[in-house]
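Me: I would like a close look at one part of this model. Start from a single loop residue, then work outwards to whatever surrounds it.

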Amino acid sequence: MHTCSHAVFGCMDFRIQGTIEKLLAHLNVKEGTFDRVICAGGAANTTQLETHLGLSKRLHDSRVAVLSVHEDCGAGAVKEDLYKAGDTARSLGFEPKLFYIKLDGTWEEVQPRGVSV
Ligand SMILES: [Zn+2]
């Protein structure tokens with residue numbers, strides 16, 4: 001099996017791509033070590049999230065899901081959508097990391113709800 005450590009989810013919106021790159025660098029998630037999904041709404045796109053996290057786990061045994069939505073998303077994603085995304089990721093066997101991306105080039109880390117270890 002070809003394995004990778006992370007699966008990364010973000011919106012297609014061009015305004016946030018540079019910030020996502022900065023976030024990945026901050027997290028020390030290096031190019032070529034993660035599965036990447038870019039779609040409208042990012043992690044709020046539940047259908048895409050379930051499909052691609054499932055595939056990433058099955059094909060690459062990835063363990064950490066870096067999930068993001070962003071400010072002023074044209075697909076209607078809001079910060080609160082991250083909680084459901086985190087639940088979905090955990091149900092599929094991932095450790096979720098949740099980020100709300102702002103248009104000023106910064107981000108806010110959001111704690112998943114109901115964390116039990
Ligand atoms: Zn968007």
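Is D72 buried or exposed, and how many other C-beta atoms lie within 10 Å?

Reply: D72 is exposed. This is a predicted model, and every value below is computed from it. Within 10 Å of D72 there are 10 other C-beta atoms. The cut-off for an exposed residue is 12 or fewer, so D72 qualifies.

The backbone of D72 deserves a look too. Phi is near 60 degrees, a positive value in a residue other than glycine. Most residues other than glycine have a negative phi. D72 sits in the loop between β3 and α3.

A second aspartate makes a useful companion. D61 has a positive phi near 50 degrees, and it too is a residue other than glycine. D61 belongs to the loop between α2 and β3. D61 is partly exposed, with 13 other C-beta atoms within 10 Å. So β3 has D61 in the loop that comes from α2, and D72 in the loop that leads to α3.

Now follow the chain from D72 into α3, residues 81-91. Here D81, L82, A85, G86 and A89 are buried. Their arc around the axis is only 135 degrees, so they lie on the same side of α3. An α-helix has 3.6 residues a turn, so residues three or four places apart point the same way. The cover over the buried residues of α3 includes α2, β3, β4 and β5. Just after α3, G93 takes a positive phi of about 95 degrees.

Two of those elements, β3 and β4, bring us to the sheet. It is open, has 5 strands and runs in the order β2-β1-β3-β4-β5, with mixed pairing. The edges are β2 and β5, each pairing on one side only. From one strand to the next the twist averages 20 degrees. Strands of a sheet pair through backbone hydrogen bonds, either parallel or antiparallel.

β4 and β5 pair in the antiparallel sense, over 4 bridges. Two residue pairs can be picked out. F99 stands opposite E109 in β5. I101 has W107 of β5 as its bridge partner. The hairpin of β4 and β5 has 5 residues between the strands. One residue of this hairpin, G105, takes a positive phi near 90 degrees.

The other helices also meet the sheet. α2 lies across β1, β2 and β3. Its direction is at about 165 degrees to β2. In α1, T19, I20 and L23 are buried. They span an arc of only 100 degrees around the axis, which puts them on the same side of α1. G18, E21 and A25 are exposed on the other side of α1. The buried residues of α1 pack against β1, β3, β4 and β5. Just after α1, N28 has a positive phi of about 60 degrees.

What lies between these elements? The largest nonpolar core has 27 residues. F9, A43, L67 and A85 touch the most other members. At least two residues of this core come from each of β1, α1, β2, α2, β3, α3 and β4. A85 is also one of the buried residues of α3.

A43 ties several of these parts together. Leaving aside neighbours within four places in sequence, A43 is in contact with F9, L49, L67, S68, V69, D81, L82 and A85. Among these contacts, D81, L82 and A85 are buried residues of α3. The contacts of A43 also include F9 and L67, which are named with A43 and A85 as touching the most other core members.

Step back to the whole chain. There are 3 helices and 5 strands. Along the sequence they follow the pattern β-α-β-α-β-α-β-β. The radius of gyration is 13 Å, close to the 13 Å that the globule rule gives for 117 residues, so the chain is as compact as a globular protein of that length. The C-alpha atoms fill a box of roughly 40 × 30 × 25 Å along the principal axes. Of the 117 residues, 36% count as buried. Residues 24 or more positions apart make up 75% of the contacts with a separation of 6 or more.

That leaves D72 in context. D72 is exposed, in the loop between β3 and α3. Both β3 and α3 supply at least two residues of the largest nonpolar core.

Definitions and conventions: Residues numbered from 1 in each chain as written. Predicted model: local features only at pLDDT ≥ 70, side-chain atom pairs only at ≥ 80, totals over all residues. Core = buried A, V, L, I, M, F, W, Y, C linked by C-beta atoms within 7 Å. Buried ≥ 20, exposed ≤ 12 C-beta atoms within 10 Å, placed from the backbone. Contact = placed C-beta atoms within 7 Å. Pairing = 2+ DSSP bridges. Axes fitted to C-alpha atoms, helices over the stretch in contact; angles between N-to-C directions. Rg over C-alpha atoms; globule rule 2.2 N^0.38 Å. Arc of directions from axis to C-beta.
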